[in-house]
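Student: Hey, can you walk me through this one? I'd like to start with how far to trust it, then get into the charged residues.

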Amino acid sequence: MTNPLQTVRPWYREPWPWLLMAPPAAAVLAGAATIWIALASSDGLVADDYYKRGLAINQVIHREAAAARHGVTARVDASPGRIGVAIEGGMRQPEALFVQLAHKTRAGNDLRLRLSRATTSTYETKLPPLPPGRWRISIEDPQSEWRVAGDWSGAYAPFSLTATGEARAQR
């Protein structure tokens, strides 16, 4: 028997419907957030010309071997608004250098900079503001005869690159 003094509460005042609706509602919100993230950001992971890039690896290896033969070392001094590179080694000093900055996770932030000669063996140019993160930096001559590359933390402190791909902080 029911108690005649007991009042019946509306369904929205009971905890069980809310507890049963919470997981599906959370799944709908998580799905909407995932769709927004997927549409708002570029993954940039798949290359259309992957086969050509695979064939080009041999050319890159050849250029890094040429840098090792000449003993090329690049001292990089990056600061907010400016990047400078000093080149040492037994090769002809080019009129300009190209620096490729590739962000480790976001291809949309990649940069290719042309550095003009400032002195006999130093080159510099303006550096736009960079988002934080790890970068792959490669320095090459305009004729694509040699190339040095390495990883860069993005910290504005001088470091050196050698033909072996090592980036070392300067002391």
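Tutor: Sure. One term to begin with: pLDDT is the predictor's confidence in each residue, from 0 to 100. You need it here, since this is a predicted model.

Student: OK, what's the average pLDDT for the protein chain?

Tutor: The chain averages 84, and 84% of the residues score at least 70.

Student: And where is confidence lowest, and where is it highest?

Tutor: The low end is strand β9, residues 167-169, with a mean of 56. Helix α1 is at the other end, with 95. Where pLDDT is low, the predicted coordinates should not be read in detail.

Student: Got it. On to charges, then: how many salt bridges are there?

Tutor: The count is 9. Side chains of opposite charge can pair when their charged atoms come close.

Student: Show me one. What does R147 pair with?

Tutor: R147 forms a salt bridge with E64, and their closest N and O atoms are 3.2 Å apart. That pair links distant parts of the chain: R147 sits in strand β7 and E64 in helix α2 (residues 50-70), 83 residues apart.

Student: Is R147 buried or exposed?

Tutor: R147 counts as buried, because its relative accessibility is 14% and the cut-off for buried is under 20%. E64, at 23%, counts as partly exposed.

Student: What about E124, which residue does it meet in a salt bridge?

Tutor: E124 meets R82, at 3.2 Å from N to O. E124 lies in strand β5 (residues 122-127) and R82 in strand β2 (residues 81-88), so this bridge ties together parts that are 42 residues apart in sequence. Both ends are partly exposed: E124 has a relative accessible area of 36%, and R82 has 30%.

Student: Now E140. Where is it?

Tutor: E140 is in strand β6, which runs over residues 135-140. With a relative accessible area of 10%, E140 is buried.

Student: A buried Glu, nice. Which side chains does E140 make polar contacts with?

Tutor: One is the side chain of R63, at 2.2 Å. Another is the side chain of R112, at 3.3 Å. The E140 and R112 side chains also meet in a salt bridge. R112 lies in strand β4 (residues 111-117) and E140 in strand β6, so the pair ties together parts that are 28 residues apart in sequence.

Student: Is R112 buried or partly exposed?

Tutor: Partly exposed, with a relative accessible area of 46%.

Student: So which residues are linked in a network of salt bridges?

Tutor: R63, R112 and E140.

Student: And what does E140 touch, leaving out residues up to four places away in sequence?

Tutor: The list is R63, L97, F98, R112, W146 and R147. R147 is the residue that bridges to E64.

Student: Switching topic: which residues form the nonpolar patch on the surface?

Tutor: That patch is W11, Y12, W18 and M21, with about 480 Å² of accessible area together. Y12 lies in the segment before α1 (15-40), and it is partly exposed at 46% relative accessible area.

Student: Last one. What's the phi of S144?

Tutor: Phi of S144 is near 55°, which is a positive value in a residue other than glycine. S144 is in the loop between β6 and β7 (147-152), and it is partly exposed, with a relative accessible area of 34%.

Terms used. Residues numbered from 1 in each chain as written. Predicted model: local features only at pLDDT ≥ 70, side-chain atom pairs only at ≥ 80, totals over all residues. Heavy atoms only, no water. Helix = DSSP H or I, 4+ residues; strand = E, 2+ residues; numbered from the N terminus. Polar contact = N/O pair within 3.5 Å; in protein donor to acceptor, adjacent residues only side chain to side chain. Contact = heavy atoms within 4.5 Å. Patch = residues over 30% accessible without salt bridge, like charges linked within 9 Å, V, L, I, M, F, W, Y side chains within 5 Å. Areas by Shrake-Rupley, 256 points an atom, 1.4 Å probe, with all protein chains shown as cover. Salt bridge = Lys/Arg side-chain N within 4 Å of Asp/Glu carboxyl O. Buried < 20%, exposed > 50% of the residue type's maximum accessible area, 1.4 Å probe, protein only.
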